[in-house]
Amino acid sequence: MTSLKNQLEHNLKLLKLPTIKQLYTRVAEQALSESLTYEQYLLELTNRECETRHNNTIQRYLRESKLPTEKTFQTFDLSRLPLKTRQIVGALRDGSFLSRNENVLAFGNPGTGKTHLLCAVAEELVSKGHKIFFSPCSALVQNLLRAKQDLRLPRVLKTYDKFDAILLDDIGYVQQSRQEMEVLFELLANRYERGSVMITSNLPFSKWESVFKDPMTTAAVIDRLVHHCVILELNMKSYRQEAAKKRITES
Ligand code: ADP
Ligand code: MG
């Protein structure tokens, strides 16, 4: 009996079925008491293995996404958004914009919830099995610049291909040098019609020339981004300021 168990567990290990290895005895007892057929028993075990695998994959996607863990819909007050914006957000949550390689651009003053909102959309979609990569725009640009200096830019750009979307937070927040702007341009050109880009920005398009330096490049970037895109305008009061005001009046 022991050697049979040993052999079985050895096989399950070889076949990389840790959940079945962990559960088969317990589920066998259950199968006996509920008079399950052999097929039902096997189905139950394989279901449990598939379930754990799926959960592990999602956990890995969430780690790889580098999304801030606290910016989810659980902590986001959707009722603050204008009705039209809320409707667009509702449509984004089904994730179909990713398969259409559409971009999502969130504009508005600082503190209006652009970062939180796009992160919440991204977090929800990653939890459903999509792959999204989050980065502050400035950090990603620095990373690309280092890659360019080491002649690794094409290879590094390729690593983003595995993501359905890249969330670039705060484009134009930091004034960039021409070289920095060039790698950002390359990234956006590389993504064009190959994958989605999600962007937050305090700057309306009319001010993007300060990011991309010359009018031609700026026009080329905007043209590609808006070709297939969804725009969210968060022109409300700053959440931070409102929360602070509330604290003052309540105290
Ligand atoms: P932005 O990116 O537009 O500057 P953030 O997304 O960083 O703004 O939001 C500023 C702060 O306010 C964050 O702490 C965020 O969690 C909070 N916040 C903004 N909008 C909401 C909202 N609708 N519900 C809950 N918290 C919000
Ligand atoms: Mg922000």
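These legends go with several views of a predicted protein model.

**View 1. The whole chain, helices and strands together.** Count along the model and you'll find twelve helices and five strands. With a radius of gyration of 24 Å, well over the 18 Å that the globule rule gives for 251 residues, the protein is more spread out than a compact globule. Its C-alpha trace spans about 75 × 55 × 35 Å along the principal axes.

**View 2. The surface and its charges.** About 14800 Å² of the protein is exposed, and carbon and sulfur atoms supply 54% of that. As for what's tucked away, 39% of the 251 residues count as buried. The side chains include 36 positive and 29 negative ones, and the centres of these two sets sit 4 Å apart.

**View 3. Inside the largest nonpolar core.** This core has 31 residues, and the ones touching the most other members are Leu144, Tyr160, Leu168, Leu184, Leu187, Trp208 and Phe212. Several elements each chip in at least two residues, including β1 (103–108), β3 (165–169), α9 (178–191) and α11 (215–227). The largest share, six residues, comes from α7.

**View 4. Zooming in on Phe212.** Who does Phe212 contact, leaving aside its neighbours within four places in sequence? Its partners are Ile171, Met181, Leu184, Phe185, Leu188, Thr217, Thr218 and Val221. Apart from the largest core lies another one, of 28 residues, with Phe76, Cys119, Leu234 and Met236 among them.

**View 5. Contacts across the sequence.** Take the protein's contacts between residues at least 6 apart in sequence: 80% of them join residues at least 24 apart.

Conventions: Residues numbered from 1 in each chain as written. Chains lettered and ligands numbered in written order. Predicted model: local features only at pLDDT ≥ 70, side-chain atom pairs only at ≥ 80, totals over all residues. Heavy atoms only, no water. Helix = DSSP H or I, 4+ residues; strand = E, 2+ residues; numbered from the N terminus. Rg over C-alpha atoms; globule rule 2.2 N^0.38 Å. Buried < 20%, exposed > 50% of the residue type's maximum accessible area, 1.4 Å probe, protein only. Contact = heavy atoms within 4.5 Å. Areas by Shrake-Rupley, 256 points an atom, 1.4 Å probe, with all protein chains shown as cover. Lys, Arg positive; Asp, Glu negative; His and termini not counted. Charge placed at Lys NZ, Arg CZ, Asp CG, Glu CD. Core = buried A, V, L, I, M, F, W, Y, C linked by side-chain atoms within 4.5 Å.
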